[in-house]
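Welcome! Have a look at the structure below, then work through the exercises at your own pace.

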Amino acid sequence: MQLSHRITGINAGGSDGWGLFYRARQLKAQGHDITELTIGEHDIRTDPLILNHMHQSALDGATGYALIPGIPALRDAVAKRVQDQTGVPTSAANVLITAGGQAALYATHHAVCNPGDRALYIDPGYATYPGTIRANGAVPVPVPARPEDGFQPDASAIAALAKGAKSLLINSPNNPTGVIYSRDTLQGIARVVQDNDLWLISDEVYDTQIWEGEHLSPRALPGMADRTLVIGSMSKSHAMTGSRLGWIIAPEQAITHLINLATNTNYGVPGYIQDAALFALTLGADFEAQIAAPFRRRRAIALDLLAGQNAVRAVRAVPPQGAMYMMLDIRATGLDGNSFAERLLDEHQIAVMPGESFGPAAAGHIRVAMTIPDDPFRAALQTVLDFANSLVVTVE
Ligand code: PMP
């Protein structure tokens, strides 16, 4: 029996980019002691305060079908949060609660792309982006952001591919590079999007992890609120990855249709999870800073180690301005990201993601997730630097 092209084509016959991660997990299952710096998951669990609230909400009866667009109090709270942060008038009618940012990525592309439409995204980008677009029957078109530009997307590179396209997906603070798009970059993007009548899908799931500079939501730029769909999530901001709670902020008319999609797919998000998310949002900015603090600390540790390298400087960091990752340029070793990561795993039992997993623009790089406690993180990163250095010395 034949399955649809839409589903068999999700990975376009290639890899989903997670090969090294799966191999590391397999080695671990076989009993090897592997240090994992791969996945974007906190090393702390969801706070017991939030879990107690979730538990009590379930005991109080929130275990039936919840309202499909989201419970009104949570839609209101998300709208207020977005309005307070951006100044853009936002009400519950602009909010759809989704099963995490990932479901929001799928739904937003579903909302704006017809089958066969070209959907642009920035390369390097989060590994699910092309698959999410293909799952919708649209055609993913990567727009390279170059390491020489510090991985800031270039408006003219977007414009060169924008003709006839339907949407552009951007992500700042960025996974995998840790780069925050500057006001200039975002203004350039807004211009291209308006000139070419594109929808902008802005993935802002890392908006509480800002180490340097400021996060600007492009929905707040002139003329953008009507054509921007923003994706948010509690996963990273509140260490609630497993709760699967995110949202879409969009023009009211788009939300009306997105509710129809939600009705015919997930049929809403569990009520006790929504209650817990609503409670978590009341914990405020201090709590969010506390969740982000370990990454801020480890970024400082990493910058220290990188600065302390010998004159060869085998590894160069892309300036990590936000998010829980560091992108390291290992081109001086003569290896590509894949070979470097494979050898690091085999020879030092440390798993990092090859830059290539996130698109060809990140070739010759590795992504290090800052997701293990400080001391082992310091030790593992030192090993990565020593390994890179030994390769340069060997080459010379
Ligand atoms: N966008 C980006 C850039 C991500 O890195 C992730 C998860 N790693 C997501 C979206 C999806 O996150 P979630 O579904 O947990 O909200």
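**Exercise 1.** Find what the side chain of Asn175 meets in the ligand.

*Solution.* Start at Asn175: an N or O atom in its side chain is 2.8 Å from an oxygen atom of the ligand. That is a polar contact (a pair of N or O atoms within 3.5 Å). Next, go to Tyr206, where a polar side-chain atom lies 2.7 Å from a ligand oxygen atom. Finally, Lys236 has a polar side-chain atom 3.0 Å from a nitrogen atom of the ligand.

Before going on, note that this is a predicted model, where local features need pLDDT of at least 70 and side-chain atom pairs count only at pLDDT 80 or more, while totals for chains, interfaces and linings use all residues. Residues are numbered from 1 along each chain as its sequence is written, and side-chain values use heavy atoms, with hydrogens and water left out.

**Exercise 2.** Work out how the axes of helix α7 and helix α8 cross.

*Solution.* First locate α7 at residues 155-162 and α8 at residues 183-195 (helices are DSSP runs of H or I, at least four residues). Their axes, lines fitted to C-alpha atoms over the stretch in contact, come within 9 Å and cross at roughly 15°. α7 is therefore roughly parallel to α8, a label for angles under 35 degrees on a scale from 0 to 180 between N-to-C directions.

Now pick out the contact (heavy atoms within 4.5 Å): Ala155, Ile158, Ala159 and Ala162 of α7 meet Gly188, Ile189 and Val192 of α8.

Definitions and conventions
Polar contact = N/O pair within 3.5 Å; in protein donor to acceptor, adjacent residues only side chain to side chain. Helix = DSSP H or I, 4+ residues; strand = E, 2+ residues; numbered from the N terminus. Parallel < 35°, antiparallel > 145°, perpendicular 65-115°, else oblique.
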